[in-house]
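Let's take a walk through this chain together, starting with the overall layout and ending with a few individual residues. Have the model open as you read.

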Amino acid sequence: MKLNLDNIEQMISAILLKYKEFHGNEIEIESDYYWKIDEREIYDVNKEPGDFSIGQLTDDWKTLQKSLQSDDLIPYDLQRISNMLQALSIEKPIFI
């Protein structure tokens with residue numbers, strides 16, 4: 001499977017614009033802690049994952065903001081961003 005980064009950027013932008021239209025620029029997320037499955041196990045669907053840990057959205061957010069301010073974002077930050085997007089899609093699944 002090939003990913004077209006321009007398409008992904010357009011999709012994310014379109015969804016975020018709809019959220020902004022209905023909620024403004026800031027949305028309150030009530031969740032904070034989440035289950036995290038080790039990245040070596042997450043795509044091995046033939047084996048039940050055994051390495052669980054706990055992640056924290058507020059920690060992810062602080063790290064992302066600090067990295068953005070210092071212009072030091074790294075590929076792993078996509079996982080932190082995906083945690084934010086997942087929480088947003090679960091807590092605010094519709095545009096109202």
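What follows goes from the fold to the pockets, and then to salt bridges and single residues.

A word on ground rules: this is a predicted model, where local features need pLDDT of at least 70, side-chain atom pairs count only at pLDDT 80 or more, and totals for chains, interfaces and linings use all residues. Residues are numbered from 1 along each chain as its sequence is written, and side-chain values use heavy atoms, with hydrogens and water left out.

Start with the secondary structure. The chain has 3 helices and 2 strands, taken as DSSP runs numbered from the N terminus, with helices being H or I over at least four residues and strands being E over at least two. Going along the sequence, you'll meet them in the pattern α-β-β-α-α. The C-alpha atoms fill a box of roughly 40 × 30 × 30 Å along the principal axes.

How much of the chain is buried? Of its 96 residues, 17% count as buried, where buried means under 20% relative accessible area, exposed means over 50%, and partly exposed is in between (1.4 Å probe, protein chains only). The accessible surface comes to about 8400 Å², and 56% of that belongs to carbon and sulfur atoms; areas are from the Shrake-Rupley method with a 1.4 Å probe, and for residues only the protein chains shown count as cover. As for contacts (heavy atoms within 4.5 Å), take those between residues at least 6 apart in sequence: 49% of them join residues at least 24 apart.

Now for the pockets, which need a little setup. On a 1 Å grid over the protein atoms alone, a pocket is an open set of points where a 1.4 Å probe fits, with protein on both sides within 12 Å along at least five of seven lines, and lining residues have an atom within 4 Å of a point. Points are joined across faces, edges and corners, and the volume is the space filled by probe spheres set on them.

The largest pocket holds about 980 Å³ of space. It is lined by 24 residues, and the closest to its centre are Asn25, Trp61, Met84, Leu85 and Leu88. Elements giving two or more residues to that lining are α1 (5-23), α2 (57-69) and α3 (77-91), with the largest share, 7 residues, coming from α2. By class, the lining has 15 nonpolar, 5 polar and 4 charged residues. Here Ala, Val, Leu, Ile, Met, Phe, Trp, Tyr, Cys and Pro count as nonpolar, Asp, Glu, Lys and Arg as charged, and the others, Gly among them, as polar.

The second largest pocket comes in at about 710 Å³. Of the 25 residues lining this one, Tyr34, Gln79, Ser82, Asn83 and Gln86 are the closest to its centre. Here the elements giving two or more residues are β1 (33-37), β2 (52-56), α2 and α3, and α3 gives the most, with 9 residues. The class split for this lining is 11 nonpolar, 7 polar and 7 charged.

Time to look at charges. How many salt bridges are there? The count is 3, a salt bridge being a side-chain nitrogen of Lys or Arg within 4 Å of a carboxyl oxygen of Asp or Glu. One joins Asp38 and Arg40, at 2.8 Å from N to O. Asp38 is buried at 14% relative accessible area, whereas Arg40 is exposed at 69%. Another pairs Lys47 with Glu41, their closest N and O atoms 4.0 Å apart; Lys47 is partly exposed at 48%, while Glu41 is buried at 14%. Then there's Arg80 with Asp77, whose closest N and O atoms are 2.5 Å apart. These two sit 3 residues apart in helix α3, so about one helical turn separates them. Both Arg80 and Asp77 are buried.

Two single residues round off the tour. Lys36 lies in strand β1 and is partly exposed, with a relative accessible area of 25%. Its C-alpha atom is 5.1 Å from that of Ser53, 17 residues away along the chain. Setting aside neighbours within four places in sequence, Lys36 is in contact with Asp51, Phe52, Ser53, Gly55 and Tyr76.

Finally, swing over to the loop between α2 and α3, where you'll find Asp71. Its phi is near 55°, a positive value in a residue other than glycine. Asp71 is exposed, at 71% relative accessible area.
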